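Here is a short set of questions and answers for a reader who is meeting this structure for the first time. Please look at the sequence and the structure before reading on.

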Amino acid sequence: MTNRLQSPLLYLLLLGIGVAMIGPFLWMIITSLSSPADLYHYPPQLPATWHPENYAEVFSRFPFGTFTFNSLKIAVLASLGTVASASLAGYAFARMEFRGKNALYWVILATMMIPFQVTMIPLFFVIKTLGLIDTHAALILPAWFGFGMGAFGVFLLRQFFATVPKELEEAALLDGAGRFRIYWQVMLPLARPALATLAVLAFMANWNDLLGPVIYLSSTEKMTLTVGLAALQGGELTARIDLVMAGAVVSIIPIVLLFVVAQKFFVKGIGVGGVKG
Amino acid sequence: MNSKPNIPPYERSGFRRAQPYLYLLPVLIGVVVVTGGAIVAAFLLGFTDWDLVRPPVWVGFANFQAMFRSEQFYQVLGNTFYFVGITAPLMVVCSLGLALLVNRKLRGITFFRTIYFFPVVTSMIAVAVVWGWLYNPEFGFINYLLREWFGIQGPGWLLSTSWALPAISLMTVWKGVGYNMLIFLAGLQSIPDQLHESALIDGAGGARRLFSITLPMLSPTTFFVVVITLIGSFQLFEQTYTLTQGGPANSTLTLSYHIYQNAFQYFRMGYATAMAYVLFAITLVVTIVQFRMQKRWVYYQ
């Protein structure tokens with residue numbers, strides 16, 4: 001009885017919150033299709049005429065195609081680096097015995113607690129010394145050495161590798177396979193879901209990163225979508241809200257597509273921290 | 001064959017013993033050597049005057065003295081604690097509420113979970129761009145709703161010294177609430193069903209079950225969320241970088257943005273790292289206090 005009464009109210013509540021969560025994105029799209037005259041108007045209104053040509057204009061006035069390519073290149077190569085370095089380390093922590101194992105594991109996890117601002121300036125100096133300022137390598141290379149999502153990745157993959165039955169490896173060992181072949185041919189294929197989870201979360205972190213590109217990149221043609229959008233918003237187009245919104249829509253489309261395709265991996269990766277944290 | 005029982009025979013030779021370190025090499029170089037080195041370097045740099053171009057000059061405690069004498073530093077510190085103080089509780093309460101709301105078997109519930117999570121995947125800059133427009137005092141949708149629904153003249157939001165930081169806080173909670181909701185949801189779903197069933201048999205009502213079973217069983221998850229939310233809130237950067245640059249009248253100038261400004265706009269690297277160490281110390285103290293206090297309220301099975 002109570003359930004029947006409750007559930008329309010419950011749906012109303014769920015729907016109300018849903019509108020609050022998705023509404024700003026709809027408003028972003030509507031604004032991106034408006035003309036400036038429609039926008040500076042009270043009360044806020046739907047555009048009298050729709051202006052899809054705003055998108056063409058934003059691409060012609062700003063190299064948004066290049067920004068998109070740069071973001072994609074950095075996010076793909078950096079998340080590949082995270083997966084490679086974290087899976088090697090995660091495998092060693094799960095399956096090998098060596099001196100200092102526990103201490104090293106906790107040191108790696110503890111680095112997650114350190115605010116980026118603390119190491120930011122010395123790391124900038126390292127990147128500068130390597131001659132990588134204003135290159136994409138400044139944002140890609142660190143991921144291959146476990147920066148960014150690396151520590152979380154080691155934790156995630158160690159947990160996963162630890163659940164793989166030892167018999168699978170022992171069979172391969174009896175066949176004369178070396179450690180690396182077991183890692184490559186037995187463990188990695190088994191770990192595909194965990195690897196995908198890490199790859200998806202690392203891709204998202206790199207795609208949305210703002211501070212890294214702000215610090216390291218200076219020339220316009222090297223910029224990613226996030227800094228490009230910040231420049232667009234703070235620069236000559238401050239008054240053209242419609243164009244800024246078109247840029248914002250362009251910048252979120254790829255990550256939204258990835259989310260739609262790989263939703264379960266996002267959910268899995270985030271749940272891990274909570275249960276065992 | 002019996003030198004060390006936990007090392008299998010195929011890993012006894014010298015190379016085999018070194019092998020684990022080869023697998024760890026990239027992460028060891030990056031996370032242990034470079035990050036560790038950077039932490040030490042940052043500590044030393046805090047005692048220097050350095051513009052990145054000329055070599056650093058040792059100045060002793062001058063940076064810290066200047067910092068603790070500067071009125072702006074105390075304002076920045078105040079803003080930081082104010083932001084954390086309103087954002088973290090709001091975030092924890094809202095995400096726990098949402099998790100409890102969507103943790104039920106209802107038709108279409110996964111759809112709502114997806115929608116609530118959606119802002120998490122988008123970039124803060126895209127979110128800030130649209131919220132900046134929603135917050136527009138004259139033409140923004142938020143003040144329009146306040147006037148139409150409640151007959152209130154909304155404040156100037158990002159243009160107002162008293163409302164800018166709460167406005168950024170609200171946007172931050174809206175963007176991140178779905179992330180913590182998922183963590184809470186995973187925690188809720190790991191609570192065994194029998195506990196709720198036996199409480200039902202004992203005649204415990206909904207509120208009783210929430211406070212006697214759900215919340216205590218969920219407390220390790222809550223602890224985790226509180227710690228990561230606090231650490232995250234202290235590092236507020238992208239929102240202020242995009243929307244206010246610390247303004248109006250420094251009312252949204254917080255520690256991490258001020259560190260960025262000093263380092264990469266004024267090139268006062270020594271002063272910036274000294275300040276970064278203050279941020280580090282605050283984060284560390286807050287985390288240690290949390291770990292100390294967990295004995296009082298976190299229940300481990």
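Helices are DSSP runs of H or I with at least four residues, numbered from the N terminus. The model discussed here is a predicted one.

Q: In which helix of chain B is L230(B) found, and is the residue buried or exposed?
A: L230(B) belongs to helix α9 of chain B. A residue is buried if 20 or more other C-beta atoms lie within 10 Å of its own. Because L230(B) has 20 C-beta neighbours inside 10 Å, the residue in helix α9 of chain B counts as buried.

Q: Which residues does L230(B) contact, leaving aside its neighbours within four places in sequence?
A: The C-alpha atom of L230(B) is separated by 25 Å from that of F264(B), which is 34 residues apart from it along the chain. Once neighbours within four places in sequence are left aside, the residues in contact with L230(B) are V84(B), A88(B) and V286(B).

Q: How are the axes of helix α9 and helix α12 of chain B oriented, roughly parallel or roughly antiparallel?
A: The axes of α9(B), residues 206–234, and α12(B), residues 269–297, come within 10 Å and cross at roughly 165°. Angles over 145 degrees count as roughly antiparallel, so the orientation of α9(B) to α12(B) is roughly antiparallel.

Q: How many residues of the contact of α9(B) with α12(B) are nonpolar?
A: Among the residues that make this contact are F223(B), V227(B) and L230(B) of α9(B), together with I282(B), V286(B) and W297(B) of α12(B). None of the contact residues is charged and five are polar, while the number that are nonpolar is ten.

Q: Which helix of chain B gives the largest share of the side that touches chain A?
A: In total, 71 residues of chain B are in contact with 74 residues of chain A. The side of chain B that touches chain A divides into 53 nonpolar, 16 polar and two charged residues. Its largest share, 18 residues, comes from the helix spanning residues 14–45 of chain B, which is helix α1.

Q: How many of the 13 residues of α8(A) are buried?
A: Helix α8 of chain A covers residues 150–162 and reaches 18 Å from its first C-alpha to its last, close to the 18 Å expected. Its buried residues include G150(A), F155(A), R158(A) and F161(A). The helix is mostly covered, and the number of its 13 residues that are buried is eleven.

How values were computed: Residues numbered from 1 in each chain as written. Chains lettered and ligands numbered in written order. Predicted model: local features only at pLDDT ≥ 70, side-chain atom pairs only at ≥ 80, totals over all residues. Axes fitted to C-alpha atoms, helices over the stretch in contact; angles between N-to-C directions. Helix = DSSP H or I, 4+ residues; strand = E, 2+ residues; numbered from the N terminus. Parallel < 35°, antiparallel > 145°, perpendicular 65-115°, else oblique. Contact = placed C-beta atoms within 7 Å. Nonpolar A, V, L, I, M, F, W, Y, C, P; charged D, E, K, R; others polar. Buried ≥ 20, exposed ≤ 12 C-beta atoms within 10 Å, placed from the backbone. Expected span 1.5 Å × (residues − 1).
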